[in-house]
Amino acid sequence: MKIRYFAWVRERVGVEAEEIELPAGVATLADLAAFLARRGENYAHAFENPRVVRAAIDRVHARPEAPIAGAREIAFFPPMTGG
Amino acid sequence: MFTVRIQSAPFDAACEAAALSDGRQDVGALVTFTGLCRADDAAPEAGGRLVALTLEHYPGMAEEEIARHVEEARRRWPLMGATVIHRHGRIVPGEPIVLVVTASAHRGAAFAAAEFLMDWLKTSAPFWKQEEREAATGWVDAKAADDDAAGRWDPLP
């Protein structure tokens, strides 16, 4: 599964995108954020306040409880500040 | 004509607006909103004068997310056309960032649709502003007021 990061989430993680093999038990966006947060200090920093980090599944906004099975691309990013 | 464009180049708001009514006689209201990069003088301890904004975006999703809101605007109001342009990259004070043009037979629908599109652009289009100030660089925080503005539009049944 492809994971992408944007803005300060990208800066903290240190990469723009990566391919990740999902371990068993990672079923929702919240599960994935918690799994990523355990991968190292940079990830822990990016996901230190998981309620602030937003996500999209296949380029559509999704809630933390959304299931991720079958997704091709998941993105994590801060609240949007465009316009 | 309904158009969504994400680009780094500046745009000409007057040309974009004219394109929605050229050659037709049924458009009675054309609303054009341009959002500009505004110079603001923060205190020295907050970084000082704004030098530029750099907008990062999620390619693909940015177009699709805005298009979803244009589709919703079309379900809410009788629009004859709409153009949304959002720039990315480095933008200095005085330059345009975002354009929303809506065309309808009457002004009520055109005004409302333009405001609806801007409210959702602020809170759901995947763009992130980074401020470059004289003495500091940092990401802009999202504003609760923008969430409130988007939240006042009742969901469609």
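**Strands, helices and a contact between chains**

Visitor: What makes up the hairpin of β3(A) and β4(A), and what is special to Asp58(A) in the turn?

Guide: In this predicted model, the hairpin has β3(A) and β4(A) with two residues between them, and Asp58(A) in the turn shows a positive phi of about 45°.

Visitor: How do you know that β3(A) and β4(A) pair?

Guide: Count the bridges! Two strands pair if there are at least two bridges between them. Strand β3 (residues 54-57) of chain A and strand β4 (residues 60-62) of chain A have three, so by that cut-off they pair, in the antiparallel sense. One spot to look at is Ala55(A), which stands opposite Ala62(A) in β4(A).

Visitor: What joins β3(A) to β5(A)?

Guide: Four bridges do, and these strands run antiparallel. With at least two needed, they count as a pair too. Here, Ala56(A) stands opposite Ala75(A) in β5(A).

Visitor: Which elements of chain A each supply at least two residues of the side that touches chain B?

Guide: That would be α1 (7-13) and β5 (73-77) of chain A. The whole contact takes 14 residues from chain A and 22 residues from chain B. On the side of chain A, you'd find nine nonpolar residues, four polar and one charged.

Visitor: Over in chain B, why are β5 and β8 called edge strands?

Guide: Each of them pairs on one side only. They sit at the ends of an open sheet of four strands, whose order is β5-β3-β7-β8 (chain B), with antiparallel pairing. On average, neighbouring strands of this sheet are turned by 25° against each other, ignoring direction.

Visitor: How do you know that β7 of chain B is joined to β8(B)?

Guide: Strand β7 (residues 127-133) of chain B has three bridges to β8(B), running antiparallel. That meets the cut-off of at least two, so they pair. Glu131(B), for one, has Gly138(B) in β8(B) as its bridge partner.

Visitor: Why are α3(B) and α4(B) called oblique to each other?

Guide: Helix α3 (residues 107-124) and helix α4 (residues 144-151) of chain B pack at an angle of about 135°, with axes 8 Å apart. Roughly antiparallel would need an angle over 145, and roughly perpendicular runs from 65 to 115. The angle fits neither, so α3(B) and α4(B) are oblique. Their crossing is left-handed.

Visitor: Which residues meet there, in α3(B) and α4(B)?

Guide: Asp119(B), Trp120(B), Lys122(B) and Thr123(B) in α3(B) meet Asp146(B), Asp147(B), Ala149(B) and Ala150(B) in α4(B). That contact divides into three nonpolar residues, one polar and four charged.

Note on methods: Residues numbered from 1 in each chain as written. Chains lettered and ligands numbered in written order. Predicted model: local features only at pLDDT ≥ 70, side-chain atom pairs only at ≥ 80, totals over all residues. Contact = placed C-beta atoms within 7 Å. Nonpolar A, V, L, I, M, F, W, Y, C, P; charged D, E, K, R; others polar. Axes fitted to C-alpha atoms, helices over the stretch in contact; angles between N-to-C directions. Parallel < 35°, antiparallel > 145°, perpendicular 65-115°, else oblique. Left-handed = near helix turned anticlockwise from the far one by under 90°.
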